Amino acid sequence: MSDTITRYDLIIVGGGPIGLACALEAKEANLNYLILEKGCLVNSLYNYPQNMTFFSSSERLEIGDIPFVTTNPKPKRMEALEYYRRIQQKFALDTHLFEEVLDIKKNEAEFLVTSSKKTYYTKKVIVATGFYDIPMLLNIPGEDLPKVRHYYDDPHYYSSQKVVVVGASNSSIDAALETYRKGAQVSLVIRGSEISPRVKYWVKPDIENRIAAGEIDVYYNSCLTAVTPASAQIQTPNGIVELENDFVLALTGYRPNFDFLKKIGIDIPKEAPCIPSHNEDTMETNVAGIYLAGVVCGGLNTHLWFIENSRIHAKQIIGHIRSTFS
């Protein structure tokens with residue numbers, strides 16, 4: 001690690017859409033800022049399924065008052081990647097990619113930010129790390145088998161395979177439909193009694209029709225209890241069902257990196273939804289000078305914040321930072 005110390009007014013942890021929105025506001029306010037992103041630009045969006053269509057319309061994904069133009073009613077993943085990449089390039093946002101922040105410590109009037117590549121001093125920090133990095137585990141025997149996946153990308157991979165999909169939300173239903181249409185034999189395992197009402201309105205009738213036609217099997221009020229190399233065991237209201245199985249897509253949700261937030265001093269309640277401590281007006285945490293932005297603010301309540309309603313965090317935070325500098 002280099003011994004060179006670089007000083008900033010602001011370091012933004014996370015190069016997703018909200019991190020970029022914060023950088024645009026910081027640039028407009030003439031703050032000396034830096035984005036540190038542990039993966040590629042908008043890393044979470046990059047890791048979304050290749051064929052994903054957003055629930056939101058394009059104008060609701062815009063940041064910095066820059067138009068997001070598409071001919072589709074709802075933009076797709078590739079269009080979003082193009083949009084945010086163009087913003088980063090057009091405004092020459094100071095961004096270090098593939099540089100993970102390891103620790104943040106208060107050092108008198110500044111913070112010492114230690115990354116995987118370098119050390120920085122900064123007056124303020126914004127944490128915009130999202131929640132897509134750590135899957136919610138089922139904690140069942142066999143979950144560590146290679147056939148069990150907590151992320152889903154391309155349906156072609158599962159062609160002609162027996163696939164169990166766990167979950168009733170958008171990611172699970174999209175995976176079930178797409179793999180079915182590429183020739184997979186799909187079984188859905190749903191803890192509740194119905195498909196989630198949050199499923200995209202143009203997708204919900206599709207999955208319900210596939211289930212009604214017997215083209216996709218479904219086990220309601222059920223849970224996966226074990227996975228073996230050749231099978232999957234499901235606890236149903238009528239007892240244990242064991243299915244021949246090639247792959248399990250356990251798309252049961254994700255959570256923020258609570259360990260990192262605690263490490264840098266942010267208070268997190270032990271009880272769900274474990275919303276990190278922050279002032280809703282300024283987005284400043286219990287650690288003076290550290291702010292939260294975007295979906296990380298919701299803790300386990302991952303349906304609370306989206307790009308479209310957390311864009312305002314950038315203006316709130318930069319406005320408060322400017323007031324502390326004046």
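Two strands are taken to pair if DSSP finds at least two bridges between them, and with that in mind valine 113 can be placed opposite tyrosine 120 in β6. The model in which these residues stand is a predicted one, and the account below moves from the chain as a whole to its hairpins, then to some backbone details, and finally to a pocket.

The chain is built from eight helices and 17 strands. Its C-alpha atoms, taken along the principal axes, fill a box of roughly 65 × 45 × 35 Å. A compact globule of 326 residues would have a radius of gyration near 20 Å, and the 22 Å of the chain agrees with this. Of those 326 residues, 51% count as buried, and among contacts between residues at least 6 apart in sequence, 61% join residues that are at least 24 apart.

The strand pairing that opened this account belongs to a run of neighbouring hairpins. Strand β4, residues 101-107, pairs in the antiparallel sense with strand β5, residues 110-115, over six bridges, and one of the partnerships is that of asparagine 107 with glutamate 110 in β5. Two residues lie between β4 and β5 in this hairpin, and in the turn glutamate 108 has a positive phi of about 60°. Strand β5 is in turn joined by four bridges to strand β6, residues 119-127, again with the two strands running antiparallel, and here the hairpin connection passes through three residues. It is across this second pairing that valine 113 and tyrosine 120 stand opposite each other.

Further along the chain, strand β12, residues 223-227, runs antiparallel to strand β13, residues 231-236, and four bridges join them. These strands also form a hairpin, with three residues between them, and leucine 224 stands opposite isoleucine 234 in β13.

Several loops carry backbone features that deserve inspection. In the loop between β7 (134-135) and β8 (148-149) lies asparagine 139, which is not a glycine and yet has a positive phi of about 55°. Because its relative accessible area is 66%, and the cut-off for an exposed residue is over 50%, asparagine 139 counts as exposed. A cis peptide bond, with omega about 15°, joins alanine 272 and proline 273, and proline 273 is placed in the loop between α6 (258-263) and β17 (290-292).

Aspartate 65, in the loop between α2 (43-46) and α3 (77-90), likewise has a positive phi, of about 60°, although it is not a glycine. Its relative accessibility is 73%, and therefore aspartate 65 counts as exposed. This residue also leads to the second largest pocket, since Asp65 is one of the residues that lie nearest the centre of that pocket, together with Glu25, Ile63, Gly64 and Lys315, out of a lining of 13 residues.

About 310 Å³ of space lies in the second largest pocket. Helices α1 (17-28) and α8 (312-325) each supply at least two residues of its lining, and the largest share, four residues, comes from α1. By residue class, the lining of the second largest pocket divides into six nonpolar, one polar and six charged residues.

Note on methods:
Residues numbered from 1 in each chain as written. Predicted model: local features only at pLDDT ≥ 70, side-chain atom pairs only at ≥ 80, totals over all residues. Heavy atoms only, no water. 1 Å grid on protein atoms, 1.4 Å probe; cavity = no way out; pocket = protein on both sides within 12 Å on 5 of 7 lines; lining within 4 Å. Points joined across faces, edges and corners; volume = space filled by probe spheres on them. Nonpolar A, V, L, I, M, F, W, Y, C, P; charged D, E, K, R; others polar. Rg over C-alpha atoms; globule rule 2.2 N^0.38 Å. Buried < 20%, exposed > 50% of the residue type's maximum accessible area, 1.4 Å probe, protein only. Contact = heavy atoms within 4.5 Å.
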